[in-house]
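Welcome! Grab a pencil and work through these exercises with the model open beside you. Try each task before you read its solution.

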Amino acid sequence: MNENQTNQAAPKKPLDKKILIIGAVVLVVAIVLIFILVKPGEGGTGGGGTGGGTVNPAEQKIELTGKDLGNGKILVTANNTKTKPHRVDFTISFYDANNEFLRSFDGVFNAIPANGNAYYTVDTAGLVKGKYTFNFEVKNDKELTAEKVYSDKFKATSTKKENEIVVEFTNNAGTEVDSVGVGILYFNGTEPVGYTSQYLSQPVGVGYTLNETVYIPTDADGNKIKFDRHEVIITAFDNE
């Protein structure tokens with residue numbers, strides 16, 4: 001009797017293994033289904049603008065826009081809505097009417113003032129006017145130490161001449177500034193029609209006044225652009 005009972009109980013062991021295997025498979029399938037249904041980021045918001053990616057907190061408040069000036073140049077405007085100045089590296093990419101990539105250009109805004117704008121021109125030579133589109137991508141965004149940016153501590157007056165604008169700079173920053181950039185934004189009414197920029201020829205000492213000549217840009221035909229007013233923009237910062 002004991003022997004028969006032992007023989008009858010033996011076949012139950014494989015059945016127990018099958019149950020364990022089936023249970024394990026069901027558990028794995030359940031875990032996979034749960035992961036798919038609650039996959040992180042699916043249907044979420046965010047992204048890095050053109051091309052995707054992660055947006056850092058500073059980038060969210062640096063906006064780049066472009067205006068075709070019609071003379072082989074695009075005027076790029078960087079708007080900084082943050083309370084500190086920023087240095088921004090960017091890429092502008094050009095596409096044809098079929099959205100096929102044509103070329104790209106990398107540029108740098110060395111110091112976009114807090115709650116202000118900075119400007120840059122990009123050459124479109126070789127591209128057919130009206131046959132391309134463009135967009136921007138911020139590559140790097142660095143918050144600058146306010147004490148190292150002195151653009152609001154420079155006094156500038158300007159005089160328009162036949163072929164150039166003469167700008168007189170006075171350094172009221174209380175320290176010598178090694179790197180000073182000057183830009184001239186030209187307008188017809190409220191529309192910007194041109195922009196030129198350059199660095200001053202030498203560092204500007206405390207209380208020192210320096211005259212700098214900025215030449216008026218030309219249009220697509222090689223003639224001086226027509227404008228009714230201009231604005232002097234100073235990008236001054238100590239790069240040491």
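The exercises below go from the whole chain to single residues, and they use a predicted model.

**Exercise 1. Getting an overview**

Task: Find how many helices and strands the chain has, and in what order they run.

Solution:
- Step 1: Count the elements. There are 2 helices and 12 strands.
- Step 2: Start at the N terminus and read along. The order is α-α-β-β-β-β-β-β-β-β-β-β-β-β.
- Step 3: Look at burial. Of the 240 residues in the chain, 33% are buried.
- Step 4: Look at the contacts between residues at least 6 apart in sequence. In 65% of them, the partners are at least 24 apart.
- Step 5: Turn to the surface. The chain exposes about 14,900 Å², and 52% of this comes from carbon and sulfur atoms.

**Exercise 2. Reading a sheet**

Task: Work out the strand order of the open sheet of 3 strands, and say which strands lie at its edges.

Solution:
- Step 1: Write down the order, which is 10-9-12, with antiparallel pairing.
- Step 2: Look for strands that pair on one side only. These edge strands are strand 10 (191-199) and strand 12 (229-237).
- Step 3: Check the angle. On average, neighbouring strands of this sheet are turned by 20° against each other, with direction ignored.
- Step 4: Count the bridges. Strand 9 (residues 179-188) is joined to strand 12 by 9 bridges, and strand 9 pairs with strand 10 over 8 bridges.
- Step 5: Follow Ile184 to its partners. Its bridge partner in strand 12 is Val232, and in strand 10 it is Thr196.
- Step 6: Find the turn. Strand 9 and strand 10 form a hairpin with 2 residues between them, and Gly189 in that turn has a positive phi of about 65°.

**Exercise 3. A second hairpin**

Task: Describe how strand 1 and strand 2 pair, and find the glycine with a positive phi in their hairpin.

Solution:
- Step 1: Identify the pair. Strand 1 (residues 62-68) and strand 2 (residues 73-80) run antiparallel and are joined by 7 bridges.
- Step 2: Pick one bridge as an example. Ile62 has Asn80 as its bridge partner in strand 2.
- Step 3: Go to the connection. It has 4 residues between the strands, and Gly70 takes a positive phi near 80°.

**Exercise 4. Buried or exposed?**

Task: Decide whether Thr196 and Ser93 are buried or exposed, and list what they touch.

Solution:
- Step 1: Locate Thr196 in strand 10.
- Step 2: Compare its accessible area with the cut-off. Buried means under 20%, so Thr196, at 14%, is buried.
- Step 3: Look for a polar contact. The side chains of Thr196 and Tyr186 are joined by one of 3.1 Å.
- Step 4: List contacts beyond four places in sequence. Thr196 touches Val182, Gly183, Ile184, Tyr186, Val214, Tyr215 and Pro217.
- Step 5: Repeat for Ser93, which sits in strand 3 (residues 86-95). Its relative accessibility is 12%, so Ser93 is buried.
- Step 6: List the contacts of Ser93, again beyond four places in sequence. They are Phe101, Arg103, Ser104, Thr133, Phe134 and Asn135.

**Exercise 5. Nonpolar cores**

Task: Find which strand gives the most residues to the largest nonpolar core.

Solution:
- Step 1: Recall a general trend. In soluble globular proteins, nonpolar side chains tend to be buried together.
- Step 2: Find the core. The largest one has 20 residues, and those with the most contacts inside it are Phe154, Ile165, Phe169, Val180, Ile184, Tyr186 and Leu200.
- Step 3: Check the strands. Strand 8 (164-171), strand 9, strand 11 (209-215) and strand 12 each supply at least two residues.
- Step 4: Pick the top contributor. Strand 9 gives the most, with 4 residues.
- Step 5: Look for another core. A second, separate one has 17 residues, including Val76, Val88, Ile92 and Val122.

**Exercise 6. Positive phi values**

Task: Work out where Asn99 and Asn115 lie, and whether they are buried or exposed.

Solution:
- Step 1: Recall that most residues other than glycine have a negative phi.
- Step 2: Check Asn99. Its phi is positive, near 65°, and Asn99 lies in the loop between strand 3 and strand 4 (101-112).
- Step 3: Check Asn115. Its phi is also positive, at about 50°, and Asn115 lies in the loop between strand 4 and strand 5 (116-123).
- Step 4: Compare with the cut-off for exposed, which is over 50%. Asn99 has 56%, so Asn99 is exposed. Asn115 has 57%, so Asn115 is exposed.

Conventions:
Residues numbered from 1 in each chain as written. Predicted model: local features only at pLDDT ≥ 70, side-chain atom pairs only at ≥ 80, totals over all residues. Heavy atoms only, no water. Buried < 20%, exposed > 50% of the residue type's maximum accessible area, 1.4 Å probe, protein only. Contact = heavy atoms within 4.5 Å. Areas by Shrake-Rupley, 256 points an atom, 1.4 Å probe, with all protein chains shown as cover. Pairing = 2+ DSSP bridges. Axes fitted to C-alpha atoms, helices over the stretch in contact; angles between N-to-C directions. Polar contact = N/O pair within 3.5 Å; in protein donor to acceptor, adjacent residues only side chain to side chain. Core = buried A, V, L, I, M, F, W, Y, C linked by side-chain atoms within 4.5 Å.
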